[in-house]
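I opened my notebook to look up how one chain of this model is built. My entries follow the order in which I checked things.

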Amino acid sequence: MSAASDRGGRGARAVWLARVASTRPGVVQRVARSFGSLDAALDASLSSLRTLLAPRSAGAPDEAPREASRYAAALAAQAQAPASCSTAGRLLVTYDDELYPPGLRSLFDPPPVLFVAGADPRPRLRALARAPAVAVVGTRAPSSYGLEMARLLGGDLARAGVVVVSGVALGVDVAAQLAALAAVPLDPVGDTEGVPRSVGVLGSGLDIVHPRSNAAAFRALREHGLLVSEFWPGTPPSVWRFPARNRLIAGLSRAVVVVEGSRRSGSRITAELALDAGREVLAVPGEAGRRLSEAPHHLLRHGAQLCEAADDVLVALGLERLSARAPADAGGAAPGDCASGPEATDGDGPGAEARAVLATLRDAPGTAEEVAARAGLAPRAASAALSALEVEGLAERADGGVYRLAR
Amino acid sequence: MLAHVTSETLFGLQGRAVEVEADVVAAAPTFSIVGLPDAAVQESRERVRAAIVNSGFEFPSRRITVNLAPADLRKEGPRFDLPIALAFLLATGQARRDGSGEVAAVGELGLDGAVRPVSGVLVVVESLRRRGVGRVLVPAANAAEAALVEGVGVVPVARLRDAVAGLGGGGVAAARPDVGSLLGDAPAGDADFADVAGQAVVKRALEIAAAGGHNVLMVGPPGAGKTMLARRLPTIMPGLSVAEAIAVTRVHSVAGLLPSRTPLVARRPFRAPHHSISVAGLVGGGSSPRPGEVSLAHHGVLFLDEFPEFRVSALEALRQPLEDGEVTISRALTSVTYPARITLVAAMNPCPCGFLGDRERHCTCPGYRLEQYRSRLSGPLLDRIDLRLEVARVPPREYRLGGRGESSAAVRARVEQARHRQRERLGGDATAVNGHMSARQLRRLCRLEPAAVELLDRAYDRLRLSARACDRVVKVARTIADLEGAGGVAAPHVAEALSYRVEHERR
């Protein structure tokens, strides 16, 4: 067997395995366990793979064998073309491909092939291999605090040049990713050319938009980031595919940050998969006793690092802190810097009342009502001071009329 | 023989003269009513016949024709029972009129001869006075409101026999109630600002709303007390003037909502229709147009809870009354105008589940539902709302610790002073308030101090306010200055006003 056709054989088997793995849970894991690794399995003969994966019950259809030869043919055609087959913004990357993300290879059960979508997928995949990537994951139904933290982390990590990886699910995932896509990277540390700001890992075929309400995020990810999936185009989302997807999120990232989640949430699964793959795990603390704090607090209890801001992640990865990096940036709007804010703005800036209000906001955000009570001001004085700070750009008003320091 | 009695029918908030003529001739016995009567008027034949017989009069077997003139005006309702019966009794010689001046009558009859109350008696009597009618027989239950009108002798009648006596010059005219003391003695009701625990910022904002006649949007989770707060807004608004009270009473009387034997609506109305209400129910309508909730809330508060759940068509229909202070309902041949000078209090949850921004519970609304929910608010309607208030839930601790706040009376005293200042500046009638200022008045009368101008300019840029939003901020700032007794609008006034801004449209 010549080297070229042998290589084509590995590719064909990878495609065949991916096809089977799109419809049945645990396929890659079984193959990897049986042959020692996926790499070894791809060297095995198709018939031995087929025997291993033959449906146990006679009733279940064995959907794949015929397609195997078809894709073998397709792969043979691809062998003539450059390393991978692609059509406008779509790419199929096999395990042996040089574009295959190195992070995934360290998984015990890496996807045999990866479907990739996005403008310029090739340079972006290459850039992804160089750039640090961090997963921000959490519940689909976050509190406003969790949502805010997701946005903050997503945006700041992207500003620091980190690729934000997540699952494009509702809530924390999409909030972090949209914030990352909207962020403007700071003075690039290294070569950030072509680095996707965010990567969405799907639990369905790349052509399936799920959930529908995230359609805009899907579009933005195609345009400014990447969408990846191990599942065959057209594969619908289903319960078992999301945990499978989570191992890709862990694999692609150097660290996983869990924002909010209940005891049995998918984010906890992602964090555990990340630990298995030797990644850093960080958790954003929540309020004690709340259901959504269960997952992060469980992780913190078992050794995850505390994450209050993007800097915590950057430090954990040995990267330069964001706060250290932006001295030239106008105004120093970082929360810690506000002490000098009011006086510094200009002569008739906020007066004593505004300073008192600012001090209470530095302790914790609050509604006008709470701020008035904590600062010991009349309601109208507190309202006026809050608006003045808002106009100065020192405070901002969030959902529910909660004021907080501007970021 | 021929006889006639004068009466009135209602047309919107106006009375129209109706002459009730009865002709009784010896011919085959029939009883017919002509002159564009509706079904209720047609049925009055049965009530009149029974009431006459049961009151001990005779109902002869003759040919009876009743004509309601003018014949081209549609007559509705049972209000003509009494004049028809009286015209018949006059025509058959069983009753007699005394010579002194004209006597009008209005009322529904029971089969036993009792005279029952009808709607709109206040309006009817006012119209009779304009026509120069000196005496009017009204159902005893309506006598109190009828007696509000000066210059007409109001004779309350409880039974048909009383009415016959009244026609002959008998009966005692009802005494005119003392409107001033009625207004002064208006029971304060059981709602008071002092009942509300915490919510100091919201209460302050409602004080501004009451002082400047500003419309309000309250946003907050279920159970935050939005309804409780709104219900107390009328208690801090200035008391009704005599003219206002009579205007309110007119609408309630025409709608048939004035409680029996109550002369006057003495307290500012508070109307809180359910969100399933129809357009006609909200702004008025029907084949013979009746006043809607917005008119029943005239000079008071219209509270629309679950604001985005109202039909879009109903909310759109609110625009005219909010703009003009009245509603015109047009029909093919006629149009009727009802007053509707209201303070609108709209309330909504921050999101469909109600917990967006709440720190105890989290919002479970998918983004598209949120979009849908917010898009239900129409921009043009929000343009009429000057204050937006976030109402958060008060933790139980504050219920226990919070002492009683300021009473409604104390707040109302400040509101009345602020209104007085506005009246002097705006030079209008008692209803002249900052909330109703025109754009021209705003430019001319709301001078901002230089620091205030600067703040507003910066807010315009930084908070991306629209020009209209800026105008609203200035109006509210003017009211805040009025509450303080300040002549010019200073920066702190603008700053506070900014915290209540309505932000539906950003540049």
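The entries below concern chain B, from its overall form to the contact between two of its domains.

Entry 1, the model. I noted at the outset that this is a predicted model.

Entry 2, overall form. I looked up the extent of chain B and found that its C-alpha atoms fill a box of roughly 90 × 50 × 45 Å along the principal axes. I then listed the secondary structure of chain B, which comes to 22 helices and 16 strands.

Entry 3, burial and contacts. What share of the 507 residues in chain B is buried? I found that buried residues make up 50% of them. I next took the contacts in chain B between residues at least 6 apart in sequence, and 75% of these join residues at least 24 apart.

Entry 4, domains. I recorded three assigned ranges in chain B: domain 1 covers 2-167, domain 2 covers 193-406 and domain 3 covers 437-507. For domain 1 of chain B and domain 2 of chain B, I read a distance of 40 Å between the C-alpha centres.

Entry 5, the contact between domains 1 and 2. I found that 16 residues from domain 1 of chain B and 19 residues from domain 2 of chain B take part. On the domain 1 side, β1 (2-11), α3 (121-131) and α4 (143-146) of chain B each supply at least two residues. Which element gives the largest share of that side? I noted α3(B), with three residues. Finally, I sorted the residues of the domain 1 side by character: eleven are nonpolar, three polar and two charged.

Methods:
Residues numbered from 1 in each chain as written. Chains lettered and ligands numbered in written order. Predicted model: local features only at pLDDT ≥ 70, side-chain atom pairs only at ≥ 80, totals over all residues. Domains from an automatic or database assignment. Contact = placed C-beta atoms within 7 Å. Helix = DSSP H or I, 4+ residues; strand = E, 2+ residues; numbered from the N terminus. Nonpolar A, V, L, I, M, F, W, Y, C, P; charged D, E, K, R; others polar. Buried ≥ 20, exposed ≤ 12 C-beta atoms within 10 Å, placed from the backbone.
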